[in-house]
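Subject: Handing over a structure, with notes on what was found

Dear colleague,

Please find below the structure I am passing on to you, followed by my notes on what was found in it.

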Amino acid sequence: FDSGAIIDGLNFDQIGADGICVDSVGHVHLRKLLVRNWTVSGIKITADALPDGNEVRDFVVANCKTEHTGGAGIAIVGSDRTASQTWPPLGTTRVRDVLIENNDVSYTNMVTPHNQSFGVEGNNKPGGKSESITVTGGVGNVITRYNDVHDSRQYGIDYKTGVIGGEIYGNRVWNMLAYGIYLDSSVREVENVKVYDNTVWGC
């Protein structure tokens with residue numbers, strides 16, 4: 001792995017911090033970053049600050065490495081509010097046209113000061129409750145390919161809660177506490193997602 005920059009939270013005074021957070025700004029490409037030791041997500045793209053009815057487009061997370069995060073290594077979250085059954089209207093997206101490729105994601109959902117009281121898999125042990133690569137909350141046309149996802153608590157790759165359109169292929173997922181690849185509608189739809197040619201073991 002040849003990183004272009006290291007984003008390390010080890011000596012940073014952080015509670016509830018993501019290593020990189022892109023909020024409500026489109027056309028962002030993140031490449032060759034080593035992101036490690038953050039209490040929540042390593043890399044997060046969201047549209048939480050965007051006015052209702054709008055969306056942002058064009059994101060790339062490629063050739064990055066994330067490790068030792070309290071939540072997801074890579075999180076694409078249209079909005080946390082889309083856990084609601086009524087907002088935004090079904091079939092709408094907040095973040096669109098995302099490519100996640102050639103990343104190495106490991107040691108997610110580790111115990112941090114942020115999540116010492118969270119229950120992992122219902123056993124009341126501390127640690128995060130996200131997935132290694134999480135796509136959720138009103139996201140459209142997201143491609144996740146050729147990533148290595150491994151040695152983590154919880155799930156590997158998860159499209160859930162309002163993902164509309166995309167593909168998951170060519171990934172290797174191993175040594176996860178729970179599912180390797182997970183489609184999870186929760187209280188909203190997951191539509192038109194193709195999953196093929198992945199290799200999953202030890203999950």
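A word of caution before the details: this is a predicted model. I begin with one residue and its partner, and then widen the view to the other charged pairs, the sheets and the loops.

Arg145, at 23% relative accessibility, counts as partly exposed, because the partly exposed range lies between the 20% that bounds buried residues and the 50% above which a residue is exposed. Its partner is Glu101, and the two side chains meet in a salt bridge with an N to O distance of 2.8 Å. Arg145 belongs to strand β12 (residues 139–145) and Glu101 to strand β9 (residues 95–101), so the pair ties together parts of the chain that are 44 residues apart in sequence. Glu101, for its part, is buried, with a relative accessible area of 13%.

Charged pairs elsewhere

The count of salt bridges in the model comes to 8, and two further pairs deserve a description of their own. Asp8 and Arg36 meet through their side chains in a salt bridge of 2.6 Å, N to O; since Asp8 lies in strand β1 and Arg36 in strand β4 (residues 33–38), this pair ties together parts that are 28 residues apart in sequence. Asp8 is partly exposed at 29% relative accessibility, and Arg36 is likewise partly exposed, with a relative accessible area of 25%.

The side chains of Arg172 and Asp148 also meet in a salt bridge, at 2.8 Å from N to O. This pair links distant parts of the chain, with Arg172 in strand β16 (residues 172–176) and Asp148 in strand β13 (residues 148–152), 24 residues apart. Arg172 counts as partly exposed at 41% relative accessibility, whereas Asp148 is buried, with a relative accessible area of 18%. Salt bridges also form a network, which links Glu55, Arg57, Arg96 and Asp97.

The sheets

Several of the strands just named return in an open sheet of 7 strands, which has the order β1-β4-β7-β10-β13-β16-β19 with parallel pairing. At its edges stand β1 (5–8) and β19 (199–201), each with a single partner strand, so one side of each is left without a neighbour in the sheet. Neighbouring strands of this sheet are turned by 10 degrees against each other on average, with direction ignored. Looking inside the sheet, you will find strand β7 (residues 65–69) joined to strand β10 (residues 104–106) by 3 bridges, the two running parallel, and Glu67 stands opposite Ser106 in β10.

An open sheet of 6 strands is also present, in the order β2-β5-β8-β11-β14-β17 and again with parallel pairing. Here the edges are held by β2 (20–23) and β17 (181–184), each of which has a single partner strand, so that one side of each is left without a neighbour in the sheet. In this sheet, too, neighbouring strands are turned by 10 degrees against each other on average, direction ignored. Strand β8 (residues 74–77) runs parallel to β11 and is joined to β11 by 4 bridges; within that pairing, the bridge partner of Ile76 is Val135 in β11.

A buried valine

Which residues does Val193 contact, once its neighbours within four places in sequence are left aside? They are Tyr159, Val163, Gly165, Gly166, Ile168 and Leu183. Val193 lies in strand β18 (residues 190–196), and it counts as buried at 17% relative accessibility. With Gly166 the separation between C-alpha atoms is 4.8 Å, although the two residues are 27 residues apart along the chain.

Two loop residues with positive phi

Most residues other than glycine have a negative phi, and against that background two residues may be worth your attention. Asn102, which is not a glycine, has a positive phi of about 60 degrees; it lies in the loop between β9 and β10 and is partly exposed, with a relative accessible area of 35%. Tyr107 also has a positive phi, near 50 degrees, and its place is in the loop between β10 and β11 (131–136). Tyr107 counts as partly exposed at 34% relative accessibility.

With best regards

Definitions and conventions: Residues are numbered from 1 along each chain as its sequence is written. This is a predicted model: local features need pLDDT of at least 70, side-chain atom pairs count only at pLDDT 80 or more; totals for chains, interfaces and linings use all residues. Side-chain values use heavy atoms; hydrogens and water are left out. Two strands pair if DSSP finds at least two bridges between them. Axes are lines fitted to C-alpha atoms, for helices over the stretch in contact, and angles run from 0 to 180 degrees between N-to-C directions. Buried means under 20% relative accessible area, exposed over 50%, partly exposed in between (1.4 Å probe, protein chains only). Contact means heavy atoms within 4.5 Å. A salt bridge is a side-chain nitrogen of Lys or Arg within 4 Å of a carboxyl oxygen of Asp or Glu.
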